[in-house]
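The following exercises ask the reader to work through a single protein chain, element by element. Each task is followed by a solution that proceeds step by step.

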Amino acid sequence: MAKSKAPSILEALTGIKKRKFKPVYYFFGEDSYNLSHTLQTLEEAFTPLLLSEFDKETIYSEDRSINDILGIATAFPFGSEKKLIIIKEAEKIKDKKPLKDYAASPAEFTVIAFFHNGSITNLNTEPFKTLDAKNFLFEAKELKGKNLIDWLISLAEEKGKKLSEENAQVLVDIVGENRNMLEDQLEKICVFLNKEKGISIESIQKVSSELKQFNIFDLQNAIGLKDKAKSLTVAYNLLDNGAEPTFIITMLTRYFTGLAKITELKTKNVPLQEAARIVGTHHFYYPNYIKARNLFSDQKLVEVFRALLKADMSVKTTSSDDKTIITLLIAEILQ
């Protein structure tokens with residue numbers, strides 16, 4: 001059975017920060033944020049050891065063969081005790097097998113780090129099997145769910161701000177799960193707040209409007225009011241600013257699933273804060289859910305879920321462009 005797991009890239013970071021370098025690193029995974037962060041940390045930690053600028057080299061793999069790269073790795077440093085070689089886009093190296101022999105007996109004076117964007121299908125193949133056995137192979141996995149929320153809260157604390165778990169979830173819902181985008185948006189919020197410590201739902205919304213960018217809640221509100229023109233304007237803005245159609249479809253599915261629960265919650269007189277939690281939203285947005293539920297009958301909700309399923313299938317099985325899929329989805333929801 002193929003091995004599907006490798007040690008976390010965070011394990012490698014611990015040693016790198018202490019300047020306890022391995023001779024070889026092969027970093028891979030779907031989390032571009034952690035790959036980028038690890039590269040930056042490695043360069044910063046190694047720089048004090050460099051006595052010559054020639055003892056650090058960055059190579060894009062498509063420009064060199066693996067044998068050329070390993071040849072550079074086995075050449076002595078110019079003036080430093082150790083040299084650093086960074087290999088970017090390692091996934092583009094056509095034949096990586098020679099790395100097996102090098103990993104088995106690497107040069108003591110070289111630290112070579114490969115950065116591979118994406119997953120590896122089978123870690124039992126060479127050179128990955130040997131790299132793993134030598135503890136040179138590390139995976140960058142995307143953070144999900146509570147782990148992502150905890151990271152965002154911690155990042156806010158590092159910037160001297162207080163972010164609640166509830167508001168952190170709102171920020172993730174607005175921006176998506178890409179940590180580069182989350183960090184960028186959080187930085188803008190911190191600048192906007194200046195000396196104010198607490199990050200409120202209002203400040204999150206304010207920054208979005210100041211940047212003249214809509215968020216997923218704006219789309220939900222427009223659809224909830226059955227405003228087709230505004231819905232399309234917001235949807236196109238989201239797509240133009242990097243939102244994936246799958247993200248829009250997923251969030252709208254969650255939105256309408258929440259709407260479907262409103263009638264029962266009202267019948268039971270569930271308190272606003274608790275009702276908002278049950279439908280999966282912030283209490284700030286819950287009144288809009290109630291208004292929208294009055295405009296969407298049970299029968300209409302059934303039709304909406306069919307339209308969402310159809311759009312999801314279109315994304316996965318057709319070559320239709322993003323705007324066409326989302327336009328048709330909104331048209332079917334609001335017809």
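**Exercise 1. Determine the handedness of the unit made by E2, helix H3 and E3, and then place these strands in their sheet.**

Solution. E2, helix H3 (residues 66-73) and E3 form a β-α-β unit that is right-handed, a crossover being called right-handed if, with the strands pointing away from the viewer, the path from the first strand over the helix to the second runs clockwise. Helices (H or I, at least four residues) and strands (E, at least two) are DSSP runs, numbered from the N terminus. The model is a predicted one, in which local features need pLDDT of at least 70 and side-chain atom pairs count only at pLDDT 80 or more, while totals for chains, interfaces and linings use all residues. Residues are numbered from 1 along each chain as its sequence is written, and side-chain values use heavy atoms, with hydrogens and water left out.

The next step is the pairing, for which DSSP must find at least two bridges between two strands. E2 and strand E3 (residues 83-88) are joined in the parallel sense by five bridges, with Glu57 opposite Ile85 of E3. On the other pairing, E3 and E4 are also parallel, over five bridges, and here Ile85 stands opposite Ile112 in E4. Between E3 and E4 the chain passes through helix H4 (residues 98-104), in a β-α-β crossover that is right-handed.

The whole sheet is open, has five strands in the order E2-E3-E4-E1-E5, and is paired in parallel. Because strand E2 (56-60) and strand E5 (137-140) each have a single partner strand, they stand at the edges, and one side of each is left without a neighbour in the sheet. On average, neighbouring strands are turned by 15 degrees against each other, direction ignored, where axes are lines fitted to C-alpha atoms, for helices over the stretch in contact, and angles run from 0 to 180 degrees between N-to-C directions.

**Exercise 2. Find which strands helix H2 touches, and state how far E3 is covered.**

Solution. Helix H2 (residues 32-46) packs on the sheet and touches strand E1 (24-29), E2, E3, strand E4 (110-117) and E5, contact meaning heavy atoms within 4.5 Å. The direction of H2 makes about 165 degrees with that of E3. As for E3 itself, five of its six residues are buried, with buried meaning under 20% relative accessible area, exposed over 50% and partly exposed in between (1.4 Å probe, protein chains only).

**Exercise 3. Describe how H12 and H16 are arranged relative to each other.**

Solution. Two packed helices are described by the angle between their axes and the distance between the axes. The axes of helix H12 (residues 245-259) and helix H16 (residues 298-317) come within 10 Å and cross at roughly 160 degrees. H12 and H16 are therefore roughly antiparallel, since angles under 35 degrees count as roughly parallel, over 145 as roughly antiparallel, 65 to 115 as roughly perpendicular and the rest as oblique. Their crossing is left-handed, that is, the near helix is turned anticlockwise from the far one by less than a right angle, clockwise being right-handed. Among the residues that make the contact are Ile249, Leu252 and Phe256 of H12 and Leu301, Phe305 and Leu308 of H16.

**Exercise 4. Decide whether Arg179 and Leu182 are buried or exposed, and name residues in contact with each.**

Solution. Arg179 belongs to helix H8 (residues 179-193) and counts as buried because its relative accessibility is 6%. Leaving aside neighbours within four places in sequence, Arg179 is in contact with Asp31, Tyr33, Asn34, Lys141, Leu143, Leu148 and Trp151. Leu182, also in helix H8, is buried at 0% relative accessibility. Not counting residues up to four places away in sequence, the residues that Leu182 touches include Leu148, Trp151, Leu171, Val172 and Val175. Helix H7 (residues 165-175) is itself mostly covered, eight of its eleven residues being buried, including Leu171, Val172 and Val175.

**Exercise 5. Locate the cis peptide bond, and say where Arg19 and Asn194, with their positive phi, lie.**

Solution. Most residues other than glycine have a negative phi, and most peptide bonds are trans. The cis bond joins Glu126 and Pro127, with omega about 10 degrees, and Pro127 is found in the loop between E4 and helix H5 (128-133). Arg19, with phi near 60 degrees, lies in the loop between helix H1 (9-17) and E1 and is partly exposed, with a relative accessible area of 45%. Asn194, with phi of about 60 degrees, is placed in the loop between H8 and helix H9 (201-210) and counts as exposed at 56% relative accessibility.
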